[in-house]
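Me: Please take a close look at one part of this model, the pairing of a single strand. I would like its partners set out one after another, with residue numbers.

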Amino acid sequence: MKINDLISMCLQNLLRRKSRTLLTMLGVVIGCCSIVIMVSIGIGMNESQQKMLSEMGDLTLITVRQRGTSAKSAKLNASTVAQFRRMDGVVLAAPRLEAGRISFKLYGGKDGRYQTEWSTIIGMNQEDTAKLGYQLIDGSFPNGKEGNAVLVGQYFAYAFADTKRPEGHNTIDIWGQDTNGSAPDPYFKVLETPITLEATIESSGKKLTDTCQPTGILKEDYSKGEETYQGIIMDLDALQNLMARVDRESGRKVEKEPVYSSVLVKVSGINQVAVVEEQIKELGFSTDSMESIRKPMEKEAQQKQMMFGGLGAIALLVAALGITNTMIMSISERTKEIGIMKSLGCYVRDIRTMFLMEAGAIGFLGGVTGSILSALVSVIMNLAAAKDKLNGLGSVLPILTEQGNRLSVIPPWLVLFAIVFSVMIGLGSGYYPANKAVQIPALEAIKQG
């Protein structure tokens, strides 16, 4: 028989008993819908967790530090940074130098009126700050032409005290609120005020100074470092030279190859984090990233997805019994038809194919209908979960497309899987009835009819 004839007979047989076909297909629809909705909820949970973690910090960022200070400990120097950059999956390796071992006093304003001794000073390559995802709330990143250009933390200006005000009333409460509900203005405009760094040599009392000009104010982000709060990020070479001057004046040995305080390694994707971290640890360094938090949460989400999907699969397996029952009843009713087909010389494989096509068609139609119904249910669930944000038709699309805020997420692969799985369930359920049909002798089948 030609394939067109088989398809035509398949449709005729399904339409012959419309009510039974629809009821059998309904079981597949419910099972398919259960799988898609259950798994989509698990995907939505995973998406929400990813968004929560990304708000806590960059998921693709690894902070590398030395494990010890002994002579045998691996050193974070220029050659090590170059080694990091050659690793597969590494997009950027940015060295960071902290001026923690040297105490600087900072001055701002006319005649150094505003002063502070509490500020984190970091040296970095200026072109790395934008690449690492540091965000500005005002100003701009240094363009590399100004040698004294720096970036300052969001609340840098609030660290300064006004020397012309009485003690106890010479600082601004950073969390104080003015009449507009926003933070009060600092004593000076930080982007318009040069900042002087002063280090005092304890042995001689000599003072070494350097002046810098803030060009941008960073948004606070502790995943990047404390410097985004009340600190300074200056050019790496400039800070190295300043610290070398202080060391020489203090009589300390100046290192020929500076050892960095830490290195920020950015990888191409979250799947590369664990691999790169392991390679770095093998070199003798300690690492810190969001992977230690993300991995357990991802595993938990996957377990919930499997559990939800398993519950949906049970419903689909119950539907499979309905398909088997329908096909067996169909064979009982069409015994004479089977006998006539065999008598006319119809191949056994064609009879088997016809019954398998009927079972597969029920699975396919149920899968498609179930996927469409799942999409509608998903939309209703997401709109109901975000009813507070629902303000007219214009707000519907953002609610349904905004990642991290959706209760149910149905990716294309899940729809395809549901349809294919439904077809496979149908074919599997129809295999036994189809085999039973071809085993009926032609003469006996005609007599029974």
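Reply: Two strands pair if DSSP finds at least two bridges between them; strands are DSSP runs of E with at least two residues, numbered from the N terminus. The model is predicted, so local features need pLDDT of at least 70, side-chain atom pairs count only at pLDDT 80 or more, and totals for chains, interfaces and linings use all residues. Residues are numbered from 1 along each chain as its sequence is written, and side-chain values use heavy atoms, without hydrogens and water.

The part chosen is strand 10, residues 207-218. Strand 9, which covers residues 195-200, pairs with strand 10 in the antiparallel sense, and six bridges link the two. One residue pair in this ladder is Ala199 with Leu208, the latter in strand 10. Strand 9 and strand 10 also make a hairpin, with six residues between the two strands. In the turn of that hairpin, Gly205 has a positive phi of about 80°.

Strand 7, residues 149-152, is another partner of strand 10; here the sense is parallel and the bridges number four. Ala149 of this partner stands opposite Gln213 in strand 10.

Strand 6, residues 136-139, runs antiparallel to strand 10 and is joined to it by three bridges. In this pairing Leu136 faces Leu218 of strand 10.

Taken by sense, strand 10 thus has antiparallel pairings with strand 9 and with strand 6, and a parallel pairing with strand 7.
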